[in-house]
Amino acid sequence: MTQHTYVRYDTTFLSQGTRCAAWRYRPDGVQNPPIVVLAHGFGAFRELRLDAYASRFARAGYAALVFDYRSWGASEGEPRRVLDIGAQHADWRAAVAYARSLDGVDTSRVVGWGSSFGGGHVLNLAAHDHDLAAAIVQVPHVTGPASAFAQSPKLVARLAAAALRDQVGSWFGRPPYRVRSIGKPGEIAMMTSPGAYDLVMKMAGDKSEQLLAENDVAARIALRVPLYSPGRNAPDITAPTLVQLARKDDVTPFAKALKVAHRIPNGEVLDYDCSHFEPYLDPHFEQIVSDQINFLERHVPLSP
């Protein structure tokens, strides 16, 4: 397999008037390559290993666009870290529209790539945008109730109380009341799976201080996650779709995700002996990203 060199540019695009920060990857020596658009999961920013995936795609000859959602990471948007599902859907549509406006790429062959909560967003996108060339979803959020109630009843109750406090406060113009996005078992956080906090810190690497500073979210999202089930739209997806699942996943439970994945008409399902955050890290990352590149080469080849 040819390994290409590539250049990464900083760029931005507008989503409903707010500027989103992005990286654009351009492989050398490839004319009009397909382009993969990537964004992260719940409360995460692009430095948490999305560069690892995008650089591998670029070395394989694919262009890539990696972006931060509004109010996260390097993107603009106030107040910070209020997770609005509808706004993130709009950010995805804006990112894909921006990719389709670029010179030097095959704008008719755009691929959506999402992980975890962002994987749910890509399923939603693919169900409505039938011009996508393909979709890749890694440990995707598929059903709200299964994810929301995978936590202990005590934690669910505490998150609900925090969410109500935040929601009511927002109606009176108060600043967001926040909870941690990722925490250790026993803490009040949206995700508290055993070992998850340490894995995410490892993903952050030298960005761990930024992660710690931004490891919170407006608590009102806890009222919305149970209502967000993008897997319901699986039968409407027409693009070839790679679904990669973790058999030990207790953030997006494996059995529910597998059932949804089999409802995608052109879906391909692969599963791995790991937990929710391990696909981003060795030893699992290499196999998972290699499977993604293999999928791209079969369904969105460099020379169609």
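In this predicted model, a good place to start is Arg46, which lies over the face of Trp23, at 4.4 Å from the ring centre. A similar arrangement involves Arg49, which lies over the face of Phe285, at 4.8 Å from the ring centre.

Rings also meet other rings here, and the count comes to 10 aromatic pairs. One of these joins Tyr6 and Tyr25 in a tilted arrangement, 5.7 Å centre to centre and with 40 degrees between the planes. This pair links distant parts of the chain, as Tyr6 belongs to strand S1 (residues 6-15) and Tyr25 to strand S2 (residues 18-27), 19 residues apart. Tyr6 has 30% relative accessibility and so counts as partly exposed, whereas Tyr25, with a relative accessible area of 1%, is buried.

Another pair is made by Phe67 and Trp92, whose ring centres are 5.2 Å apart and whose planes stand at 80 degrees, so the pair is edge-to-face. Here too, distant parts of the chain are linked: Phe67 is in strand S4 (residues 63-67) and Trp92 in helix H2, 25 residues apart. Phe67 is buried, with a relative accessible area of 1%, and Trp92 counts as buried at 1% relative accessibility. Both rings belong to one aromatic cluster, formed by Phe13, Phe67, Tyr69, Trp92 and Tyr98.

Helix H2 (85-99) also leads to a further arginine, since the loop between this helix and strand S5 (110-115) holds Arg109. The side chain of Arg109 makes a polar contact with the side chain of Asp106, at 2.8 Å. With 10% relative accessibility, Arg109 falls under the 20% limit and therefore counts as buried.

Technical notes: Residues numbered from 1 in each chain as written. Predicted model: local features only at pLDDT ≥ 70, side-chain atom pairs only at ≥ 80, totals over all residues. Heavy atoms only, no water. Helix = DSSP H or I, 4+ residues; strand = E, 2+ residues; numbered from the N terminus. Buried < 20%, exposed > 50% of the residue type's maximum accessible area, 1.4 Å probe, protein only. Polar contact = N/O pair within 3.5 Å; in protein donor to acceptor, adjacent residues only side chain to side chain. Phe/Tyr/Trp six-rings, centres within 6.5 Å; stacked < 30°, edge-to-face > 60°. Lys NZ or Arg CZ within 6 Å of the ring centre and 35° of its normal.
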